[in-house]
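Visitor: Could you pick one part of this model and take me through it closely? I'd like to hear what sits around it too, and then how a few other spots compare in kind.

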Amino acid sequence: MAVPESLSVSQARRITLAAQGFTDPKPGGATDLRHLRRVLRRLHLIQMDSVNVLQRAHFMPLYSRLGPYPAGLLERAAYRRPRELFEFWGHEASLIRADLQPLFRWRMARAHELAWGNMRRVAVEQPELVAWVLDEVRERGPITAAEVEHDAPRTKDHWGWNWSVVKQALEWLFYTGQVTAAERTTSFARRYDVPERVLPPAVLAAPTPEPAAAFRALVELSAQALGVAAEPELRDYFRLPVRECRAALAELVEAGVLRPVTIAGWKAPAYLHHEARLPRRVSAATLVSPFDPLIWERARTERLFDMAYRIEIYVPQPKRLYGYYVLPFLLGDRFAARVDLKAERKTGVLQVPAAWIEPGADPEATADALAAELFRLAGWLGLEAVAVPERGDFAGPLAAALKAV
């Protein structure tokens with residue numbers, strides 16, 4: 001369907017869901033790398049996070065778009081040759097398409113300006129420590145920070161050896177691109193190695209684009225992934241600096257890659273990617289991770305879905321409104337409910353500490369669809385049962401639907 005220059009919120013929502021891959025058909029049979037690549041061509045990167053109360057954050061966006069898939073596919077793409085993903089700072093710590101690595105070299109080159117204090121401090125005040133750590137990785141990688149720290153020469157006390165300083169040196173080397181992540185341990189610690197032993201040769205040999213060209217490419221990728229978005233959201237996708245993002249945005253509009261559009265009720269101007277499409281309807285029925293790119297920018301989420309969403313992991317328990325690790329449930333093109341979830345791996349049970357329905361959602365249809373999704377998620381996680389919800393205004397209807405299933 002052709003996209004008009006003036007959009008309703010419903011149209012903008014459907015454009016976004018299509019751009020994010022929620023209208024793509026889910027695999028009918030076995031999921032393979034082709035399906036994973038299809039999602040990555042839409043999202044370009046996946047945010048990582050150490051929280052594992054349900055499942056590591058980077059596994060969930062693929063589940064939301066593909067359904068149950070072999071988690072080993074993502075591990076293979078990220079940590080086995082030929083690597084299709086690499087770890088770096090994209091939108092926070094991320095797994096990024098490996099072919100996009102040259103577009104992030106500007107960030108590596110500007111580490112003295114962009115990296116946070118402790119990393120910069122160790123680079124400036126203890127360059128000999130940084131050089132020693134790099135030599136260790138070059139000679140012994142892949143290697144964890146703990147292994148480097150354990151073998152640090154204790155005779156050099158004037159370097160101020162301790163765990164945090166060694167880790168800071170490694171993080172500086174990681175930010176500047178001198179080392180990268182070869183793999184992750186079972187405890188989620190990085191094993192560092194030098195890029196020439198990790199990244200594909202073609203990526204390493206690719207020329208470094210001028211920063212302005214890199215910014216144009218990254219803003220276009222952001223727009224492609226979001227479909228239609230305001231400038232702050234395009235900037236947030238890859239955490240780009242304001243001045244450079246706005247310059248790239250103006251150039252992309254002039255080139256016809258992005259088209260200014262208006263969205264009812266939006267104060268900020270919006271920009272439509274020239275390849276964006278407007279589906280007549282969206283038939284999704286899936287849970288969405290707190291770290292999913294669909295809801296990264298919370299103000300955008302509220303404007304598009306009329307849902308105020310905040311992750312409450314860091315909120316003291318008495319002050320939480322919905323729960324510790326709450327996932328919104330996407331039904332059709334709206335969020336119909338939200339559930340607090342926890343995987344109890346020892347007992348094989350998917351716990352549902354709380355369930356809440358969103359205003360305007362059909363309780364019966366939502367309960368039936370969400371119950372089916374919870375059993376599907378539990379099966380993917382290797383859990384054998386789904387517990388009845390413990391609290392929330394949707395606990396009763398969902399409990400009944402779970403029992404019916």
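Guide: What follows begins with one strand and its partners, then moves on to other parts of the model.

First, the ground rules. This is a predicted model, in which local features need pLDDT of at least 70 and side-chain atom pairs count only at pLDDT 80 or more, while totals for chains, interfaces and linings use all residues. Residues are numbered from 1 along each chain as its sequence is written, and side-chain values use heavy atoms, with hydrogens and water left out.

Let's take strand β4, residues 92-97. Strands here are DSSP runs of E with at least two residues, helices are runs of H or I with at least four residues, and both are numbered from the N terminus. β4 is mostly covered, with 5 of its 6 residues buried. Buried means under 20% relative accessible area, with exposed over 50% and partly exposed in between (1.4 Å probe, protein chains only).

Now its partners; two strands pair if DSSP finds at least two bridges between them. β3 and β4 run antiparallel and are joined by 6 bridges. The hairpin between β3 and β4 goes through 1 residue, and F88 stands opposite S94 in β4. β4 also pairs with strand β2 (residues 45-47), again in the antiparallel sense, over 3 bridges. There, I46 has L95 in β4 as its bridge partner.

β3 also leads us to a hole in the model. On a 1 Å grid over the protein atoms alone, a cavity is a set of points where a 1.4 Å probe fits but cannot get out, whereas a pocket is an open set with protein on both sides within 12 Å along at least five of seven lines; lining residues have an atom within 4 Å of a point. Grid points are joined across faces, edges and corners, and a volume is the space filled by probe spheres set on the points. The structure holds 2 cavities of 30 Å³ or more, and the largest cavity comes to about 60 Å³. Strand β3 (residues 85-90) gives the largest share of that lining, 3 residues. Among the lining residues are F86, E87 and F88, along with Q101, M108, F174 and P195.

As for the largest pocket, its volume is about 240 Å³. It is lined by 14 residues, and the closest to its centre are K167, E171, R184, R190 and Y192. At least two lining residues each come from α9 (145-150), α10 (163-175) and β7 (190-193), with α10 giving the most, 3 residues.

Next, three single residues. W106 lies in helix α5 (residues 105-109) and counts as buried, because its relative accessible area is 7%. A polar atom of the W106 side chain lies 2.9 Å from the backbone oxygen of L103. That is a polar contact, a pair of N or O atoms within 3.5 Å; within protein, one must be able to donate a hydrogen and the other to accept it, and residues adjacent in sequence count only if both atoms are side-chain atoms. Not counting residues up to four places away in sequence, W106 touches L114, A214, F215, L218, L240 and P241. Contact here means heavy atoms within 4.5 Å.

S64, in helix α3 (residues 60-66), is buried, since its relative accessible area is 1%. Its side chain has a polar atom 2.6 Å from the backbone oxygen of L287. Its contacts beyond four places in sequence include F22, K26, T286, L287 and D292.

L287 takes us to an open sheet of 5 strands, ordered β11-β12-β13-β14-β15 with mixed pairing. β11 (284-287) and β15 (385-386) are the edge strands, each pairing on one side only. Strand β14 (residues 349-357) runs parallel to β15, with 2 bridges between them, and L350 has V386 in β15 as its bridge partner. R338 sits in strand β13 (residues 334-344) and is buried, because its relative accessibility is 3%. The side chains of R338 and E358 make a polar contact of 2.7 Å. Among the other residues that R338 contacts beyond four places in sequence are Y309, Y322, F329 and W356.
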